[in-house]
Amino acid sequence: MKENFGSINNFQKPKVENYDNEKLTENEETFKSYVEDLNLSSEDFEGAILDVGSGDGGFAKIAKKHYEDSNIHSLEPTDSIKGTPTGTRGASENLPFGDSKFDLVISHCAFPNVFIDGDKEKIEEQVRKSFDEFIRVTKDEGEIRLSNVLQGEIYENQRVITEVVNKALQDLKLEYDVEIEKIDMNKDSYEYDNENNPKRLLAKNFLIKIRKK
Ligand SMILES: C[S@@+](CC[C@H](N)C(=O)[O-])C[C@H]1O[C@@H](n2cnc3c(N)ncnc32)[C@H](O)[C@@H]1O
């Protein structure tokens, strides 16, 4: 399917501020990947952020060390959320928050990849419900940013989720007052031959930005 979401730009890594690269713990590595992959700026940390598919909420915890006033809510459907101070158990398809609560909704290596193993009808429902929920809880002029969105053509399940996500993005543009940008993260994954040479492209990683006008 031909993509038509507006611009597909090259990915620019932001500078990670307040960072001592020599002393990265595992959680700090995660924080650094979030900042780079989601193109987070220091201004982004001034608003209310929702992290969808947060795992143990490590991003929110470490963010407090770098941005004392940060206000990050973690959302996760599994037990990993237990003990996370600003965490809620829940899933992207049914967000337990009121309308227009967040300046920025993010999902790092989670939505929509987590749905890849369903059948097409199920994936369509989960993807569309989640997009509607992200838009509902985002303030006007706020943004939704999804990183490491995997898109590939080789395996059937990849083809299905790629098609479903691309179609949902086209529909969102028609149904909501949003601007959508799909950015190639230049993190392609390959299948390798016996000599360790890349044989064929398995998937590309995209950063998807949806801005509410
Ligand atoms: C690969 S992990 C990424 C964790 C974290 N964002 C990171 O980058 O380190 C994907 C996470 O999404 C969560 N997840 C699975 N289904 C979900 C859903 N429907 N809504 C929100 N999160 C979901 C998983 O439990 C898991 O913690």
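**Note on the predicted model: strands, core and ligand shell**

1. Strand 5 and strand 8 pair in the antiparallel sense, over seven bridges. Within this pairing, E143 stands opposite R211 in strand 8. The structure is a predicted model, and the points below should be read with that in mind.

2. Strand 8 has further partners. Strand 6 (residues 178–184) runs antiparallel to strand 8 and is joined to strand 8 by seven bridges. R211 appears again here, as the bridge partner of E179. Strand 7 (residues 189–192) is also antiparallel to strand 8, with four bridges between them; in that pairing Y190 has L201 as its bridge partner. Strand 7 and strand 8 form a hairpin with five residues between them. In its turn, N196 has a positive phi of about 70 degrees.

3. On the overall layout: the protein contains four helices and eight strands. Along the sequence they follow the pattern α-β-α-β-β-β-α-β-α-β-β-β. Of the 213 residues, 32% count as buried. Among contacts with a separation of 6 or more, 67% are between residues 24 or more positions apart.

4. Is V178 buried, exposed or partly exposed? V178 belongs to strand 6. V178 has 19 other C-beta atoms within 10 Å, and a buried residue needs 20 or more, so V178 is classed as partly exposed. Leaving aside residues up to four places away in sequence, V178 touches L172, K173, I210, R211, K212 and K213. R211 is thus a contact of V178 as well as the bridge partner of E179. V178 and D140 are 38 residues apart in sequence, and their C-alpha atoms are 9.7 Å apart in space.

5. Strand 1 is mostly covered, with four of its five residues buried. Strand 1 pairs with strand 2 (residues 71–76) in the parallel sense, over five bridges. One of the bridge pairs is A48 with N71 in strand 2.

6. Nonpolar side chains tend to be buried together in soluble globular proteins. In this model the largest nonpolar core has 39 residues. L50, V52, F59, A63 and V105 have the most contacts inside this core. Helix 3 (residues 120–137) supplies the largest share of the core, six residues. F59 touches T30, F31, Y34, D51, S54 and I72, not counting residues up to four places away in sequence.

7. Does the length of helix 3 agree or disagree with what its residue count predicts? Helix 3 has 18 residues, which at 1.5 Å a residue should span 26 Å. The C-alpha atoms at its ends are 26 Å apart, so the two values agree.

8. The buried residues of helix 3 are I123, Q126, V127, S130, F131, E133, F134, I135 and V137. Several elements cover these residues, including strand 1 (48–52), strand 4 (102–108) and strand 5 (138–151). Helix 4 (156–175) and strand 8 (198–212) are also included in that cover. Strand 8, described above through its antiparallel pairing with strand 5, therefore also takes part in covering helix 3.

9. The last point is the ligand. Which of the 16 residues around the ligand come nearest? They are G53, G55, A91, S92 and A110. By class, the shell around the ligand has six nonpolar, eight polar and two charged residues.

Note on methods
Residues are numbered from 1 along each chain as its sequence is written. This is a predicted model: local features need pLDDT of at least 70, side-chain atom pairs count only at pLDDT 80 or more; totals for chains, interfaces and linings use all residues. A residue is near a molecule or strand if its C-beta atom, placed from the backbone, lies within 6 Å of it. Ala, Val, Leu, Ile, Met, Phe, Trp, Tyr, Cys and Pro count as nonpolar, Asp, Glu, Lys and Arg as charged, and the others, Gly among them, as polar. A nonpolar core is a set of buried Ala, Val, Leu, Ile, Met, Phe, Trp, Tyr and Cys residues joined through C-beta atoms within 7 Å. A residue is buried if 20 or more other C-beta atoms lie within 10 Å of its own, exposed if 12 or fewer, and partly exposed in between; C-beta atoms are placed from the backbone. Helices (H or I, at least four residues) and strands (E, at least two) are DSSP runs, numbered from the N terminus. Two residues are in contact if their C-beta atoms, placed from the backbone, lie within 7 Å. The expected span of a helix is 1.5 Å times one less than its number of residues. Two strands pair if DSSP finds at least two bridges between them.
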